[in-house]
Amino acid sequence: MNSKLIDREVPPQGAIVIHPVRDERGQSRTAEGRLEEAIGLALALDLVIADAFIAPLRKRVPATLFGKGKVEEIGNIIEAAEADVAVVDDQLTPVQQRNLEKAWKVKVIDRTGLILEIFARRARTKEGRLQVELARLSYEKSRLVRTWTHLERQRGGAGVMGGPGETQIETDRRLIADKIVKLKKELIEVRRTRDLQRGARQRHPYPSVALVGYTNAGKSTLFNRLTKAEVVAEDMLFATLDPTIRMLDLPDGRPAILSDTVGFISELPHELVEAFRATLEEVKEADVILHVRDISSDETDAQAQDVRTVLSRLGVEIEERRLIEVWNKLDMVDAEDRDRVIGDARRANPPAITVSAVTGEGCDELLALVAEMVDEAPAVEITATAAQGAAVAWLYRHGRVLARETQDDGGTRLAVKLSAQALGQFEQLFPQARLRA
């Protein structure tokens with residue numbers, strides 16, 4: 001048979017996106033903004049959006065989330081749109097998910113399942129894949145009753161509940177539990193290797209800078225702009241998931257290490273909390289943290305608060321003295337609002353930096369501020385002889401030279417700023433050089 005005649009592509013699936021909302025009072029996000037984000041998540045899974053709407057809730061029904069009338073109404077919309085999938089932008093219980101699938105006769109996926117599926121598709125590193133698989137198994141473990149609804153359920157002998165259905169569910173749960181144990185052991189080994197790699201990086205006297213922010217805030221585009229790298233950067237939620245590290249040239253030629261991290265999102269599913277550990281460890285160790293915000297979004301303030309909430313929930317406390325707010329996507333701000341946004345950034349406490357990662361506007365100012373923040377240590381005076389050219393070159397590579405003077409004997413006197421770690425390494429490598437604080 002001619003293989004060219006076989007269509008191996010998965011046909012596109014039509015989806016209905018539903019954002020349930022009960023009461024918007026006290027909420028930092030608008031229902032419209034949340035619906036738009038849910039649509040973005042669905043598009044990230046290559047779903048074709050047939051319809052999307054907000055579904056008001058008077059109360060949460062334990063069996064189906066929505067009331068009977070609303071379930072029927074949504075079912076009619078799904079049938080008319082000939083959709084294959086119904087995306088409910090909320091956390092559904094296994095019972096609710098099963099009952100809605102029976103009522104609507106399509107696959108139903110909730111917010112947690114949607115994000116898990118995106119992570120499963122996008123994770124590239126071994127740790128990322130292991131962690132997402134662990135999260136997915138933990139999520140599916142409570143939903144096995146839905147998986148095995150085709151199996152017979154009957155009363156066993158002597159009035160004892162049993163039968164092949166229950167046996168298969170118990171067997172599958174045991175297999176999942178065994179796999180979870182195996183994955184956890186593999187993760188311990190992967191993390192041990194990563195810790196060794198991080199320790200090796202820390203022995204280098206380079207300051208570290210980490211990018212954090214809401215998903216699709218433009219972190220990867222800014223990362224590419226600053227490092228001249230080619231990390232995947234698309235206008236899509238969770239375009240990149242795994243931490244990426246590159247060298248960054250600060251003003252005056254001093255290098256630093258820049259880490260691009262996974263974007264955060266509101267109401268992060270608890271199953272995925274551990275999947276952020278690799279990212280968070282890079283943030284914890286960073287000398288400077290760049291909080292990248294999409295300043296063109298109407299939800300920018302709420303998104304910024306969501307990032308802080310997630311970090312706090314995961315035990316990461318950011319000191320303001322090592323944080324820079326980067327208001328990105330200035331090129332997408334309307335001309336009449338541009339001056340106001342720039343003024344608001346200057347009046348912020350501490351002042352924010354407005355940039356466009358696409359055009360490069362503001363990036364030089366950002367790098368200058370980063371260099372200033374990693375140079376908090378006082379300058380030291382170092383005198384090297386004419387024969388110690390390697391020491392002078394090392395200082396230019398790993399520090400920030402503020403002044404240089406050539407002496408009559410051919411030696412060099414430098415005023416230079418070095419981190420405590422770099423200064424200690426310099427003293428070990430070049431013990432003959434003279435230092436004076």
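**Surface, salt bridges and helices of the chain**

Arg-347 has a relative accessible area of 62%, and because this value is over 50% the residue counts as exposed. This value, like all those that follow, was computed from a predicted model. Asp-344, the partner of Arg-347 in a salt bridge with an N to O distance of 2.9 Å, is partly exposed at a relative accessibility of 28%. The two residues both belong to helix α11, which runs through residues 335–347, and since they stand 3 residues apart in that helix, about one helical turn separates Asp-344 from Arg-347. In an α-helix there are 3.6 residues a turn, so residues three or four places apart point the same way.

The chain as a whole contains 14 helices and 16 strands, and 48% of its 437 residues are buried. Among the contacts between residues with a separation of 6 or more, 69% join residues that are 24 or more positions apart. The accessible surface of the chain amounts to about 22,800 Å², and carbon and sulfur atoms contribute 49% of that surface.

A total of 15 salt bridges was counted in the model. Side chains of opposite charge can pair when their charged atoms come close. One of these pairs is formed by Asp-89 and Arg-111, whose side chains meet with an N to O distance of 2.7 Å. Asp-89 is located in the loop between β3 (85–88) and α3, whereas Arg-111 is located in helix α4 (residues 111–122), so this salt bridge ties together parts that lie 22 residues apart in sequence. Both members of the pair, Asp-89 and Arg-111, are buried.

A further salt bridge joins the side chains of Glu-325 and Arg-308, with an N to O distance of 2.8 Å. Here too distant parts of the chain are linked, for Glu-325 belongs to strand β11 (residues 323–328) and Arg-308 to helix α10 (residues 300–313), and the two residues are 17 residues apart. Glu-325 counts as buried because its relative accessibility, 14%, is under 20%, while Arg-308 is partly exposed, with a relative accessible area of 37%. The pair also takes part in a network of salt bridges that links Arg-293, Asp-301, Arg-308 and Glu-325.

Two helices were examined along their length. Helix α1 consists of 14 residues (31–44), and the distance from its first C-alpha to its last is 20 Å, close to the 20 Å expected at 1.5 Å a residue. Of the 14 residues of α1, 10 are buried, and the helix is therefore largely enclosed by the rest of the structure. These buried residues include the charged-type names Arg-34 and Glu-37 as well as Leu-35, Leu-41 and Ala-38. The elements that cover the buried residues of α1 include the strands β1 (14–21) and β2 (48–56) together with helix α4. Asp-46, which follows α1, has a positive phi, near 65 degrees.

Helix α12, formed by residues 363–374, has 12 residues and reaches 17 Å from its first C-alpha to its last, close to the 16 Å expected at 1.5 Å a residue. Its buried residues are Cys-363, Leu-366, Leu-367, Val-370, Ala-371, Met-373 and Val-374. Because these residues cover an arc of only 165 degrees around the axis, they are placed on the same side of α12. Asp-364, Glu-365 and Glu-372, by contrast, are exposed on the other side of α12.

In helix α3, which spans residues 94–104, lies Gln-96, and with a relative accessibility of 5% this residue counts as buried. A polar atom of the side chain of Gln-96 lies 3.3 Å from the backbone oxygen of Pro-62. When residues up to four places away in sequence are not counted, Gln-96 touches Val-61, Pro-62, Ala-63, Thr-64, Leu-65 and Gln-91.

Several loop residues have notable backbone angles. Lys-105, in the loop between α3 and β4 (107–110), has a positive phi of about 60 degrees although it is not a glycine, and Lys-105 is exposed, with a relative accessible area of 71%. Lys-329, in the loop between β11 and α11, likewise is not a glycine and has a positive phi of about 65 degrees, but Lys-329 counts as buried at a relative accessibility of 12%. Finally, the peptide bond from Asn-349 to Pro-350 is cis, with omega near 0 degrees, and Pro-350 is found in the loop between α11 and β12 (353–354).

How values were computed
Residues are numbered from 1 along each chain as its sequence is written. This is a predicted model: local features need pLDDT of at least 70, side-chain atom pairs count only at pLDDT 80 or more; totals for chains, interfaces and linings use all residues. Side-chain values use heavy atoms; hydrogens and water are left out. Helices (H or I, at least four residues) and strands (E, at least two) are DSSP runs, numbered from the N terminus. Buried means under 20% relative accessible area, exposed over 50%, partly exposed in between (1.4 Å probe, protein chains only). Contact means heavy atoms within 4.5 Å. Accessible areas come from the Shrake-Rupley method with a 1.4 Å probe; for residues, only the protein chains shown count as cover. A polar contact is a pair of N or O atoms within 3.5 Å; within protein, one must be able to donate a hydrogen and the other to accept it, and residues adjacent in sequence count only if both atoms are side-chain atoms. A salt bridge is a side-chain nitrogen of Lys or Arg within 4 Å of a carboxyl oxygen of Asp or Glu. The expected span of a helix is 1.5 Å times one less than its number of residues. The arc is that of the directions from the helix axis to the C-beta atoms.
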